[in-house]
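Open the model in a viewer and keep the sequence panel beside it. The tour below goes from one selection to the next and says what is found at each stop.

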Amino acid sequence: MTIRLYDTGARQIRDFSPLIPGCVSIYLCGATVQAAPHIGHIRSGLNFDILRRWFEYRGFDVTFVRNVTDIDDKIIKKSAEQGRPWWAIGYENERAFNAGYDALGCLPPTYEPRATGHIPEMAEMMRALIDNGHAYAADGNVYFDVRSFPGYLGLSNQDLDDLRQPSGEGETGKRDPRDFALWKAVKPGEPSWETPWGPGRPGWHLECSAMAHKYLGPVFDIHGGGLDLIFPHHENEIAQSKAYGDGFAQYWLHNAWVTMSGEKMSKSLGNSVLVSEMVRRWRPIVLRYYLGSPHYRSMIEYSEEALREAESAFARIEGFIQRVVEKAGGAVEPAAEVPPAFAAAMDEDLGVPGALAIVHTTVRQGNSALAADDKEAAVARLAEVRAMLGVLGLDPLDERWAGEREQGADLHGAVDTLVRLVLDQREAARARKDWATADAIRDQLQQSGLVIEDSPSGPRWTLGTR
């Protein structure tokens, strides 16, 4: 068994070799908490949740760190606009992010440090960078000298002469416009912390280097985040960490975006879909299926139609599970191991689409067994399906989704009563050989998103495409 992952730095899929046998250390750039999360934000956390689950299934002990950026330009701007403390805005949105992760079934991180809780670690790193000639203080700011680090831009594969480094307001005293801020001098009315170079606040990049070092040490296995973080954030992390003396991350994994009309989902573009609203309109397990089904390096173009297709696909899986549980007369435990083809897909750069194809193939095999009244084979297929869905965090029989099952059971019961009344009318029409009326009733039900199956024990309904 060898897990292989696409390493952005190497620009190829590499065999994964952990620093410590049997252990995996992962640092994921988490939320900047200036606003509530949309589904594009949550996708990153969900993709890396699946990665973590797969490592754990393969027997690794995983340390998973996901940080919180609770102070930056955007949070300060929101504070001024709303007339509220920066920390109140940050904490409110941090809770919204965690509620979103939890709603979609993401496991909690091993550690979830906040930037403002690690100012001493940042000051220590800045002191060392200044002392070894990689950073300098100017006008109360501290900057990293990019020309002092020969490997700069290796991750993003850019040319330093063509670089346009993003800069914020008040970043004065730079020796080179391409240098980036480690520390930003305080401006009137802004929050600040004391350092030997004057009061101010951390630059965005420094916080992650300091927290990764504290919780994972000078070198760790995997650093993750969205594609948009490759430059400048991850590039600058590498420079300051390696200049400090750390080996830093051995593998770089980046997930693609959720897009709308071909553009990255973004609050600034006004095209975001908040998680808090989405979970009111769609079952959270369906949202997890929708966001987790594509390959993590593939873009997801958001649409209601795509969500309805995901809902229908997952309904077919749930319908199979329900029928086997009914036939078995009780719970069916997950198999001890997933099928080899599923494992092979997951081992090859977390190939969830291929893995889900195995799930759906197994469901079809199970349905064939049910049609043949082969209870033993149907139960065996369900055990395999539960094992595979469990790895993906999508097993509807898992305790994690118990509350949703109970709500779904209540709704299912109410709908079942109403559908039965209509089916009774259809059966009465069939009994009097009024085939036109019977067919019209069936067609109307199908247009409502229900699939009617005529079985020896009577008609039954399942959810189809809405």
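**Stop 1: an exposed alanine**

Select alanine 80 to begin: its relative accessible area is 66%, over the 50% limit, so alanine 80 counts as exposed. The model is a predicted one. Alanine 80 belongs to helix α2, residues 73-82. Now add glycine 189 to the selection and draw the C-alpha to C-alpha distance, which is 9.1 Å, although 109 residues of sequence separate glycine 189 from alanine 80.

**Stop 2: the whole chain**

Zoom out to the full protein. Its C-alpha atoms fill a box of roughly 90 × 50 × 35 Å along the principal axes. Colour by secondary structure to see 14 helices and 15 strands. Of the 466 residues, 51% count as buried. Among contacts with a separation of 6 or more, 75% are between residues 24 or more positions apart.

**Stop 3: the N-terminal hairpin**

Select strand β1, residues 4-7, and show side chains. In a regular strand, side chains alternate between the two faces of the sheet. In β1, Leu5 and Asp7 point to one face and are buried, whereas Arg4 and Tyr6 point to the other face and are not buried.

Add strand β2, residues 12-15, which runs antiparallel to β1 and is joined to it by four bridges. Arginine 4 has aspartate 15 of β2 as its bridge partner. Between the two strands of this hairpin are four residues, and arginine 11 has a positive phi near 60°.

**Stop 4: strand β9 and its partners**

Which strand is largely enclosed by the rest of the structure? Select β9, residues 219-226: seven of its eight residues are buried, so the strand is largely enclosed.

Two parallel partners can be added here. Strand β3, residues 23-32, pairs with β9 over three bridges in the parallel sense. Strand β10, residues 248-255, also runs parallel to β9, with seven bridges joining them. Centre the view on histidine 223 of β9, which stands opposite tyrosine 27. In β10, the bridge partner of histidine 223 is tryptophan 252.

**Stop 5: a four-stranded sheet**

Next, select the open antiparallel sheet whose four strands are ordered β5-β6-β7-β8. Strands β5 (135-138) and β8 (200-202) each have a single partner strand, so one side of each has no neighbour in the sheet. Ignoring direction, neighbouring strands are turned by 20° against each other on average.

Look closer at the pair β5 and β6. Strand β6 covers residues 141-144 and pairs with β5 through four bridges in the antiparallel sense. Alanine 137 has valine 142 of β6 as its bridge partner.

**Stop 6: a three-stranded sheet**

Move on to the open sheet ordered β12-β11-β13, where the pairing is mixed. Its edge strands, β12 (263-264) and β13 (300-301), each pair on one side only. Strand β11, residues 258-260, runs antiparallel to β12, and two bridges join them. Across that pair, threonine 259 stands opposite lysine 264 of β12.

**Stop 7: two packed helices**

Select helix α4 (residues 119-131) and helix α5 (residues 204-216). Their axes are 9 Å apart and they pack at an angle of about 105°; α4 and α5 are therefore roughly perpendicular to each other. Show the side chains at the contact: Glu121, Met122, Met125 and Met126 come from α4, and Leu206, Glu207, Ser209, Ala210, His213 and Lys214 come from α5. Of these contact residues, five are nonpolar, two are polar and three are charged.

**Stop 8: the nonpolar cores**

Finish in the interior. The largest nonpolar core has 122 residues, and those touching the most other members are Ile39, Phe55, Tyr152, Ile222, Phe342 and Met346. Helix α12, residues 375-391, supplies the largest share of this core, with nine residues. A second, separate core has seven residues, including Leu423, Ile441, Ile452 and Trp461.

What is tyrosine 152 in contact with, leaving aside its neighbours within four places in sequence? Select Val146, Leu160, Leu163, Gln165, Phe180, Phe231, Glu235, Asn236 and Ala239 to see the contacts of tyrosine 152.

Notes
Residues numbered from 1 in each chain as written. Predicted model: local features only at pLDDT ≥ 70, side-chain atom pairs only at ≥ 80, totals over all residues. Heavy atoms only, no water. Core = buried A, V, L, I, M, F, W, Y, C linked by side-chain atoms within 4.5 Å. Buried < 20%, exposed > 50% of the residue type's maximum accessible area, 1.4 Å probe, protein only. Contact = heavy atoms within 4.5 Å. Pairing = 2+ DSSP bridges. Axes fitted to C-alpha atoms, helices over the stretch in contact; angles between N-to-C directions. Parallel < 35°, antiparallel > 145°, perpendicular 65-115°, else oblique. Nonpolar A, V, L, I, M, F, W, Y, C, P; charged D, E, K, R; others polar.
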